[in-house]
Structures are given as structure tokens and as C-alpha cells.
Amino acid sequence: MKSITRQKPLEEIRAYVKPFDRVYIVGCGTCATMTKTGGVDQVQEMKEEVKGFGKWVTGWAVLPTACDEMTEEDFKAAEEGLQHANCVLVMSCALGVHRVNSSFHLPTIPALDTLFIGLEESPGYFQEVCAQCGQCVLGETAGICPLTACHKGLLNGPCGGTSHGKCEVDSERDCAFTLIYERLKEQNRLDLMGKYHPPRNYHVTLVPKIVTVTLEEGIEP
Ligand code: SF4
Ligand code: SF4
């Protein structure tokens, strides 16, 4: 499972860093390195771009895992460059941006957009498989998530546009409900195809989602 990111347009990054003259750049050695959006090479390229904006790059670092709790410790090694900076440009997913933001007092600017949490289906090919909706229906949809596999995110389908097993939004892609149908058929569970899924209850998944995990009770709702 990986955070899939894409670099923001340079003009957007330029506008974000406009108020600052000294920039420290942070990459991530885990997901963003794998997706080639925040590894050493991309951070070095960004360094040149930021210099081209007329800014002083006071330093850079690729943290082993930007989103984890070691970020604050990792930052200590970069203290000198950070002391001279007045903003941190973060080339990691939004989790890493949050972590950097809470570990250091400087304004934090994301250089990437976080697209989704996905699985690498084949080398370099990432697919969203879960939108973390908090009310999982995989047990009744043959393990295929309709919210992410269907272009319209339908819980009940198919829609009227499905044609020869393909999706009306993108005819190159299989309709999610064809995939669900075929898999349920293999499993002799086709009766589930007719089951109605009520609309998601947003009351039980208020944002921000928060859970408490204790040794005694595990996760408390
Ligand atoms: S239904 Fe889909 S989005 Fe919701 S938890 Fe299950 S896999 Fe994730
Ligand atoms: S054709 Fe299938 S996958 Fe495409 S939007 Fe309709 S139900 Fe969803």
C-alpha cells in the first residue's frame, strides 16, 4: 500500500513560495521515492527550479519516511539549513506534509498532490483500491471496491451506461460491476448481485476520522 502523488504544476509551487526568499526542501525516501515524485533526483531537480524562481535554497534532505514519527529526529540533522530557511517545501504525500508541519515551526508548503492510497498492480502501475470510506462492503462485492473501481463511485450498479462489460466513462476500462459479477459468479454467490446497498451513512464517518487504540480494548469507535 503506497501514497500515490503527483508533482504540482511549477507555477503553483512558484506562487506558494513567492512570499518567502529562503527555502528548505524535503523529500521522502519511501512512497515518493518509489513514485519518482520526491526522491533524491526529484529533490535536486526541484532545487534548481526553486533557484530559478530567484530563491535561496538553504538545504535539502530526503527523510527515510516523511510521514513517520522519526521525522522530528531526522530534522535535527538538518538543523543548520533549516535555521536559515523561512519555509519548507515538502515533496511527500499529505501525511508527510502534516508530519513536517507538526515537527517544525516554519511554514510548510506541499510540492505534490496526494492522489490516492494504492497498490502496485505491476511494476510502475498503481491502482486505487480503497477510499477508506469506513463502511466496507467488500464482503458482498467479491472483494472489489465499487467506490474506487466504478468511475462514478456507485455502491449499486451497474449504471445504465455499461456496454459489453465496459465502462461508459472510459471504454478501455471494465465496468466495475462486470468485474464484481464475474467474481461473484466464480464464487457461486451471484445472489449478492441483487443486494441493495443503502447510501453511506456520513453520520458514522464524520471528518476528521479519529480512533483511539488502547492495549486493553483495541480500537474504540
Ligand atoms: S467499501 Fe471500498 S472504500 Fe469503503 S472501506 Fe471497503 S474497500 Fe475501502
Ligand atoms: S459503466 Fe460501470 S464502472 Fe462505469 S460508471 Fe457505469 S457502473 Fe460505474
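In the predicted model, four strands form an open sheet in the order β3-β2-β4-β5, and their pairing is parallel. Strands β3 (56–63) and β5 (108–110) stand at the edges with a single partner strand each, so one side of each is left without a neighbour in the sheet. From one strand to the next, the twist averages 25°. Strands of a sheet pair through backbone hydrogen bonds, in either a parallel or an antiparallel arrangement.

The pairing can be followed residue by residue around strand β4. Strands β2 and β4 run parallel and are joined by five bridges; in this pairing, Y24 has V88 of β4 as its bridge partner. Strand β4 (residues 87–91) also pairs with β5 in the parallel sense, over three bridges. There, V88 has T108 of β5 as its bridge partner, and V90 is partnered by P110 of β5. Residue V88 therefore appears in bridges with both Y24 and T108.

Strand β4 is largely enclosed by the rest of the structure, because five of its five residues are buried. Residues C87, L89 and M91 point one way from the strand, whereas V88 and V90 point the other way, and all are buried. Helix α3 (residues 40–52) lies across β2 (22–28), β3 and β4, and runs at about 165° to β2.

Strand β4 also contributes to the largest nonpolar core, which has 34 residues. The residues with the most contacts inside this core are V23, I25, V26, V88, L89, V90 and M91. Two or more residues are given to the core by each of α1 (10–17), β2, α2 (31–34), α3, β3, β4 and α6 (94–103). When residues up to four places away in sequence are not counted, V23 touches V17, V50, K55, V57, T58, A85, C87 and L89. A second, separate core has eight residues, including C175, A176, F177 and I180. In soluble globular proteins, nonpolar side chains tend to be buried together.

Helix α8 (residues 176–186) contains R183. This residue is partly exposed, with 14 other C-beta atoms within 10 Å. Leaving aside neighbours within four places in sequence, R183 is in contact with A142, G143 and I144. In the case of I144, the two residues are 39 residues apart in sequence, and their C-alpha atoms are 8.7 Å apart in space.

Two ligands were examined through the residues around them. Ligand 1 is surrounded by C130, A131, Q132, C133, C136, V137, L138, C145, L147 and T148. The shell around ligand 1 divides into eight nonpolar residues, two polar residues and no charged residues. Around ligand 2 there are 15 residues, of which C150, P158, C159, C167 and C175 come nearest. The shell around ligand 2 comprises nine nonpolar, four polar and two charged residues. Residue C175 is thus named both in the surroundings of ligand 2 and in the second nonpolar core.

Conventions: Residues are numbered from 1 along each chain as its sequence is written. Chains are lettered from A and ligands numbered from 1 in the order in which they are written. This is a predicted model: local features need pLDDT of at least 70, side-chain atom pairs count only at pLDDT 80 or more; totals for chains, interfaces and linings use all residues. A residue is near a molecule or strand if its C-beta atom, placed from the backbone, lies within 6 Å of it. Ala, Val, Leu, Ile, Met, Phe, Trp, Tyr, Cys and Pro count as nonpolar, Asp, Glu, Lys and Arg as charged, and the others, Gly among them, as polar. Two strands pair if DSSP finds at least two bridges between them. Axes are lines fitted to C-alpha atoms, for helices over the stretch in contact, and angles run from 0 to 180 degrees between N-to-C directions. Two residues are in contact if their C-beta atoms, placed from the backbone, lie within 7 Å. A nonpolar core is a set of buried Ala, Val, Leu, Ile, Met, Phe, Trp, Tyr and Cys residues joined through C-beta atoms within 7 Å. A residue is buried if 20 or more other C-beta atoms lie within 10 Å of its own, exposed if 12 or fewer, and partly exposed in between; C-beta atoms are placed from the backbone.
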